[in-house]
Amino acid sequence: MRQKRAKAYERLMTAYERYFRYRQPYQILIDDAFALNLHRAQLSPQKQCDMVMRSETKIMITQCTMQALYARGPECQPAVDLAKSFERRKCNHRETIPVHECIKSVVGDTNKHRYVIATTNTELRKHLHSIPGIPILHYNRMVIVLEPPSDATSNRIKQIEGEKVSQSVVEKKVLDGQAKEEAGEKPREENSEQPKKKKRKGPKGPNPLAAKKKKPEKSKPQKHDTDKDDKDAPKKKRSRRRNKIGGDSGSADTPTPATA
Ligand SMILES: [Zn+2]
């Protein structure tokens with residue numbers, strides 16, 4: 001169960017990063033009651049926050065919130081001392097104002113600095129729910145809980161996703177239109193100019209450029225002349241061999257001794 005929750009928190013923070021540009025280490029802006037709870041818990045504040053956020057975190061506190069802690073009296077001094085170790089967020093309220101008013105003013109309309117707000121105050125949480133993209137932490141039985149996204153946050157995410165989807169739908173429609181033209185609607189409209197506009201034809205028939213390459217064959221048929229030459233050439237006279245038998249007969253001519 002614990003692991004499951006941790007994974008859910010991780011997914012949620014990934015969504016805040018993706019849709020609302022939160023970056024690690026997350027900056028956690030705490031109110032005074034949260035500071036007291038951080039102090040009461042056994043784990044160090046840093047470990048508590050890092051564990052729930054599944055990341056490094058930076059705990060921050062405004063000047064007005066520090067003043068509110070001081071105002072709680074000596075019994076809260078240990079919590080004050082602890083809070084002094086957190087990064088001070090300058091709110092520039094010369095006159096200290098109520099903690100939750102201070103946090104509201106620091107968050108503003110858009111939470112420009114991407115704070116994670118740590119508060120158990122119902123009124124402040126309600127206000128923060130109206131601004132899209134603010135992660136909120138609160139204590140529940142001494143366990144820090146990351147709230148599920150508010151309606152404003154969920155709606156904003158849907159809107160962003162919707163914009164992406166509608167964009168891809170438009171792209172798809174364009175592509176579909178091209179596909180239909182390629183498939184068969186072309187022959188119907190005899191206007192020859194239209195198909196030329198969409199040059200993105202698929203693999204349809206041989207590539208005309210490749211076909212053109214065959215032309216050079218025409219120059220070949222001239223070869224017959226050389227054939228003729230070849231025929232003439234072999235007319236070399238055969239040298240006839242003479243019978244040299246004549247010599248022998250010559251010798252036969254030699255006066256034979258008359259037998260008579
Ligand atoms: Zn302030």
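This passage walks through the fold, the zinc site and the packing of a predicted model.

Taken as a whole, the protein has twelve helices and six strands. Of its 260 residues, 31% are buried. Long-range contacts are well represented: counting pairs at least 6 apart in sequence, 62% of the contacts bring together residues at least 24 apart.

The zinc ion is a good place to start. Its protein donors are the SG atoms of Cys64, Cys91 and Cys102 plus ND1 of His93, sitting 2.0 to 2.2 Å from the metal. Seen from the zinc ion, the four donor atoms subtend angles of 101 to 116°, so the arrangement comes out as tetrahedral. For reference, the ideal angle for four tetrahedral donors is 109.5 degrees. Along the chain, the donors of the zinc ion are spaced as C-x26-C-x1-H-x8-C. Cys64 belongs to helix H4 (residues 63-71), while His93 sits in the loop between strand S3 (87-89) and helix H6 (99-107), so this pair ties together parts that are 29 residues apart in sequence.

Cys64 is also tucked away from the surface: its relative accessible area is 1%, which is under the 20% cut-off and therefore makes this residue buried. Cys64 has company in H4, where Thr65, Met66, Ala68 and Leu69 are buried as well. Between them, the buried residues of H4 pack against quite a list of elements, namely strand S1 (26-30), helix H2 (32-40), strand S2 (57-62), helix H5 (77-84), S3 and H6. Just past the end of H4, Gly73 adopts a positive phi of about 100°.

Two of the elements that H4 packs against, H2 and H5, also meet each other. Packed helices of this kind are described by the angle and the distance between their axes. Here the axes of H2 and H5 come within 9 Å and cross at roughly 100°. That angle falls in the 65 to 115 degree range, so H2 and H5 count as roughly perpendicular to each other. On the H2 side the contact is made by Leu36, Leu38 and His39, and on the H5 side by Pro78, Ala79 and Leu82.

H2 also carries Asp32. Despite being an aspartate, Asp32 is buried, because its relative accessible area is 10%. Beyond residues up to four places away in sequence, Asp32 touches Thr65, Ala68, Leu69, Arg72 and Val99. Three of these partners, Thr65, Ala68 and Leu69, are among the buried residues of H4.

Then there is the nonpolar interior. The largest nonpolar core has 54 residues, and the members touching the most others are Ile30, Ile117 and Leu137. Helix H1 (residues 2-20) is the top contributor to this core, with seven residues. Setting aside neighbours within four places in sequence, Ile30 contacts Ala35, Leu38, Ile59, Met60, Ile61, Thr65, Phe86, Ile103 and Ala118.

Leu137 is found in strand S5 (residues 136-140). With a relative accessible area of 0%, Leu137 is buried. Its contacts, again without neighbours within four places, take in Ile28, Phe34, Val52, Met53, Val116, Ile117, Ala118, Thr119, Ile144, Val145 and Leu146. Met53 is 84 residues away from Leu137 along the chain, yet their C-alpha atoms are separated by 9.5 Å.

Key
Residues are numbered from 1 along each chain as its sequence is written. This is a predicted model: local features need pLDDT of at least 70, side-chain atom pairs count only at pLDDT 80 or more; totals for chains, interfaces and linings use all residues. Side-chain values use heavy atoms; hydrogens and water are left out. A nonpolar core is a set of buried Ala, Val, Leu, Ile, Met, Phe, Trp, Tyr and Cys residues joined through side-chain atoms within 4.5 Å. Buried means under 20% relative accessible area, exposed over 50%, partly exposed in between (1.4 Å probe, protein chains only). Helices (H or I, at least four residues) and strands (E, at least two) are DSSP runs, numbered from the N terminus. Contact means heavy atoms within 4.5 Å. Donors are N, O and S atoms within 2.8 Å of the metal (3.2 Å for Na, K and Ca); water is not among the atoms, so sites may look incomplete. Four donors count as tetrahedral if all angles lie between 85 and 135 degrees; four count as square planar and six as octahedral if opposite donors are over 155 degrees apart and all others between 65 and 115; anything else is irregular. Axes are lines fitted to C-alpha atoms, for helices over the stretch in contact, and angles run from 0 to 180 degrees between N-to-C directions. Angles under 35 degrees count as roughly parallel, over 145 as roughly antiparallel, 65 to 115 as roughly perpendicular and the rest as oblique.
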